[in-house]
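Q: I'd like a close look at one part of this protein. Please keep it brisk and walk me outward from there.

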Amino acid sequence: MATTLKTELLNQKMTEVFDWSNDQTPLRDAMWNHVMDDNGHDTMKTIAEAKKWENMNDAELKKTAEQMLK
């Protein structure tokens, strides 16, 4: 149950997390797609990056996502 709560922000739509976004994509998917595009679609590298997101608190995750996606 703690894992579900810990990653809840990752499951929210971009529009729910950021007032500057009109994207309905879940945050996790938007971040995944961005990392995949940046690393030449290397799934293993993207998985390694995505594992870091699950250990971040909401403030860290939101800051990381904003720097990545804005």
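How many aromatic pairs does a search of the whole structure find? Take me through that part and what surrounds it.

A: A caution before the details: this is a predicted model. The search of the whole structure turns up one aromatic pair. Phe18 and Trp20 form it, with ring centres 4.7 Å apart. Their planes meet at 25°. Stacked pairs have planes under 30 degrees apart, so this pair counts as stacked. In general, two numbers describe such a pair: the distance of the centres and the angle of the planes.

Now take the two partners one at a time. Phe18 has 2% relative accessibility, so Phe18 is buried. The cut-off for buried is under 20%. Trp20 has a relative accessible area of 29%, which makes Trp20 partly exposed. The stacked pair therefore joins a buried ring to one on a partly exposed residue.

What does Phe18 touch, leaving aside neighbours within four places in sequence? The contacts are Leu27, Lys62, Ala65 and Glu66. Leu27 sits in the range of α4 (27-38). Lys62, Ala65 and Glu66 fall within α6 (58-69).

Phe18 also belongs to the largest nonpolar core, a set of 15 residues. Five members touch the most other members: Phe18, Leu27, Met31, Trp53 and Leu61. Several helices feed this core. Those giving two or more residues are α2 (8-11), α3 (14-17), α4 (27-38), α5 (43-54) and α6 (58-69). The largest share comes from α4, with four residues.

Leu10 shows another side of this neighbourhood. Leu10 lies in helix α2. Its relative accessibility is 0%, so Leu10 is buried. Beyond four places in sequence, Leu10 touches Pro26, Leu27, Arg28, Met31, Trp53, Glu54 and Leu61. Four of the core residues with the most contacts to other members are Leu27, Met31, Trp53 and Leu61, and Leu10 touches each of them. Leu27 is also in contact with Phe18. Leu10 and Trp20 are 10 residues apart along the chain, and their C-alpha atoms are separated by 17 Å.

Next to Trp20 in sequence comes Ser21, which is in the loop between α3 and α4. Ser21 has a relative accessible area of 12%, so Ser21 is buried. A polar atom of the Ser21 side chain lies 3.1 Å from the backbone nitrogen of Asp23. Outside its neighbours within four places, Ser21 is in contact with Met14 and Thr15. Both positions are in the range of α3 (14-17).

Now move to α5, the helix whose range includes Trp53. Thr46 lies in α5. At 0% relative accessibility, Thr46 is buried. A polar atom of the Thr46 side chain lies 3.0 Å from the backbone oxygen of Asp42. Thr46 is in contact with Trp32, Val35, Met36 and Asn39, neighbours within four places aside.

Thr43 lies in α5 too. With a relative accessible area of 38%, Thr43 is partly exposed. Its contacts beyond four places in sequence are Trp32 and Met36. Thr46 touches Trp32 and Met36 as well. From Thr43 to Trp53 is 10 residues in sequence and 15 Å in space, C-alpha to C-alpha.

Just before this helix, His41 lies in the loop between α4 and α5. The phi of His41 is near 65°, a positive value in a residue other than glycine. Most residues other than glycine have a negative phi.

Finally, the frame around these parts. The chain has six helices and zero strands. Along the sequence the pattern is α-α-α-α-α-α. The C-alpha trace spans about 30 × 30 × 15 Å along its principal axes. The radius of gyration is 12 Å, which agrees with the value near 11 Å for a compact globule of 70 residues. Of those 70 residues, 27% count as buried. Among contacts between residues at least 6 apart in sequence, 42% join residues at least 24 apart. The chain exposes about 4700 Å², and carbon and sulfur atoms supply 49% of that area.

Notes:
Residues are numbered from 1 along each chain as its sequence is written. This is a predicted model: local features need pLDDT of at least 70, side-chain atom pairs count only at pLDDT 80 or more; totals for chains, interfaces and linings use all residues. Side-chain values use heavy atoms; hydrogens and water are left out. A nonpolar core is a set of buried Ala, Val, Leu, Ile, Met, Phe, Trp, Tyr and Cys residues joined through side-chain atoms within 4.5 Å. Buried means under 20% relative accessible area, exposed over 50%, partly exposed in between (1.4 Å probe, protein chains only). Contact means heavy atoms within 4.5 Å. Rings of Phe, Tyr and Trp (its six-membered ring) pair if their centres lie within 6.5 Å; planes under 30 degrees apart count as stacked, over 60 as edge-to-face and the rest as tilted. The radius of gyration is taken over C-alpha atoms; the globule rule is 2.2 Å times the number of residues to the power 0.38. Accessible areas come from the Shrake-Rupley method with a 1.4 Å probe; for residues, only the protein chains shown count as cover. A polar contact is a pair of N or O atoms within 3.5 Å; within protein, one must be able to donate a hydrogen and the other to accept it, and residues adjacent in sequence count only if both atoms are side-chain atoms.
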